[in-house]
Amino acid sequence: MAFQIPFKFSGSASDAAIAERSRPSKMMDYDQPLVWVTLILMLFGMVMVYSASIALPDSPKFAYLQGRHEYFLFRQMAFIVAAIAAAWVTFRIPVATLQKMAPMMFVGTLVLLMLVLIPGVGVVVNGARRWLSLKVFNLQPSEMMKIVAVLYAADFTVRKQQYMHKLTKGFMPMAFAIGVVGMLLLLEPDLGAFGVIVCIAMGILFLGGFNMIWFGGIGAILVLIFTSIIALSPFRRARMFAYLDPWQEDNALDKAYQLTHSLIAFGRGEIAGVGLGNSVEKLHYLPEAHTDFIMAVIGEELGLVGVLVTLALFYWIVKRAFDIGRQAIALDQFFAGLAAKGIGIWIGVQTFINMGVNLGLLPTKGLTLPLMSYGGSGVVINCIGLAILLRIDYENRVLMRGGRL
């Protein structure tokens, strides 16, 4: 009897293990919560774009719309449909293929950035030459460069892994590539996009094991470079001084006009907001309310509650990106892991800058709120980036099931 009990116990345990292995895995094929959070942000953004833009056709600047108050709503709906289609196509591309294509995509996007600067080819809006006309909508190559920079930096870091502790081979080639991008972006000018791309590249190099001493020194040099760019540019310098004292009369009526009205919008919203559609600042007081300053409209109409919910959704996406990246690296998929974390850096940095500008924490800069602000290039590229993140997570799940890529 003493030997029969262990024998029976062992057999039942073995049967349970076999049954467990034969049972289909309950793991989903893709990250459904990430898809839903992305859709919620886009649809919420569409509602807020409609609310923020409904009065624009009444202004002289948009007189050509002739009372078509739903113009921006319908276009944003079309952009979202195009973004979902582009994301679906992107999701079907293996991560290994994206890695092979990264250098070619980087060169191709550089060519587009050059085309933007050619008179008659690049489209000028509000004094900036940042777009290429595709008739249906304007393409913004600087938005494309953000996701391309993620893929290129991740591929570079993997290829040069043995040189990550060396300045000449581990950093200088990437610094040169990003420097060329920066020169083209500053000619548009688009300092905000340049700042985001620098954060992406530096973040991926840091995560890839770049020498900490060199990283700290280069970070200090970059701060000096951006400070010099602002100091040597009269309009950027004036904007910085206006940011430091926005309520001074001359500043409030000029360089700090957007900032002061954004702060007024948040002040009016208080805790629960004045109600959806009831914003006053969007009635021709706050410029670009449907693009760069959509968060101010959210703050006015939905209050602190609306702002915190929006912030929580973006935080969840960034955290999920880093979780997916860590899982990929644990599965020895180093390019995929760095790319996933790079997407998290991109979304997180751009969201932080946009919200910081709206709240007066940062100087005014023309960066949209990912997934939510009006614009075709931004929404489509954001969805392509998140589709790559979903693909990385999908391949992680395949490997964890014991499958092969």
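## A walk through the predicted chain

Let's start on the outside: Ile271, Leu304, Val305, Leu308, Val309 and Leu311 make a nonpolar surface patch of about 520 Å². A patch here takes residues with over 30% relative accessible area and no salt bridge, joining like charges within 9 Å and nonpolar side chains (Val, Leu, Ile, Met, Phe, Trp, Tyr) within 5 Å. Areas come from the Shrake-Rupley method with a 1.4 Å probe, and for residues only the protein chains shown count as cover. One of the patch members, Leu311, sits in helix α13; its relative accessibility is 40%, so Leu311 counts as partly exposed. On this scale, buried means under 20% relative accessible area, exposed means over 50%, and partly exposed is in between (1.4 Å probe, protein chains only).

Before going further, please keep in mind that this is a predicted model: local features need pLDDT of at least 70, side-chain atom pairs count only at pLDDT 80 or more, and totals for chains, interfaces and linings use all residues. Residues are numbered from 1 along each chain as its sequence is written, and side-chain values use heavy atoms, with hydrogens and water left out.

Now the overall picture. The protein chain has 15 helices and three strands, where helices (H or I, at least four residues) and strands (E, at least two) are DSSP runs numbered from the N terminus. Its C-alpha trace spans about 95 × 55 × 40 Å along the principal axes. Of the 405 residues, 47% are buried. The accessible surface comes to about 19600 Å², with 69% of that belonging to carbon and sulfur atoms. Taking contact as heavy atoms within 4.5 Å, 71% of the contacts between residues at least 6 apart in sequence join residues at least 24 apart.

For a view of the interior, turn to Leu113 in helix α4 (residues 95–116). Leu113 counts as buried because its relative accessibility is 0%. Beyond its neighbours within four places in sequence, Leu113 is in contact with Pro141, Ser142, Met145, Val181, Leu184, Leu185 and Glu188.

Next come the charged pairs. The structure holds 12 salt bridges, each being a side-chain nitrogen of Lys or Arg within 4 Å of a carboxyl oxygen of Asp or Glu. One of them pairs Asp29 with Arg401, whose closest N and O atoms are 3.3 Å apart. Asp29 lies in the loop between α1 (4–22) and α2 (32–53) and Arg401 in the segment after α15 (376–400), so this pair ties together parts that are 372 residues apart in sequence. Both partners are partly exposed, Asp29 at 46% relative accessibility and Arg401 at 35%.

The loop between α1 and α2 offers another pair: the side chains of Asp31 and Arg320 meet in a salt bridge at 2.4 Å, N to O. Because Asp31 lies in that loop and Arg320 in helix α13 (residues 294–330), the pair ties together parts that are 289 residues apart in sequence. Asp31 is buried, with a relative accessible area of 3%.

Helix α13 also holds Glu301, which forms a salt bridge with Lys282, the closest N and O atoms being 3.1 Å apart. Lys282 belongs to the loop between α12 (257–269) and α13, 19 residues from Glu301, and both of these residues are buried. Finally, salt bridges that share partners join Asp31, Arg320, Asp393 and Arg397 into one network.
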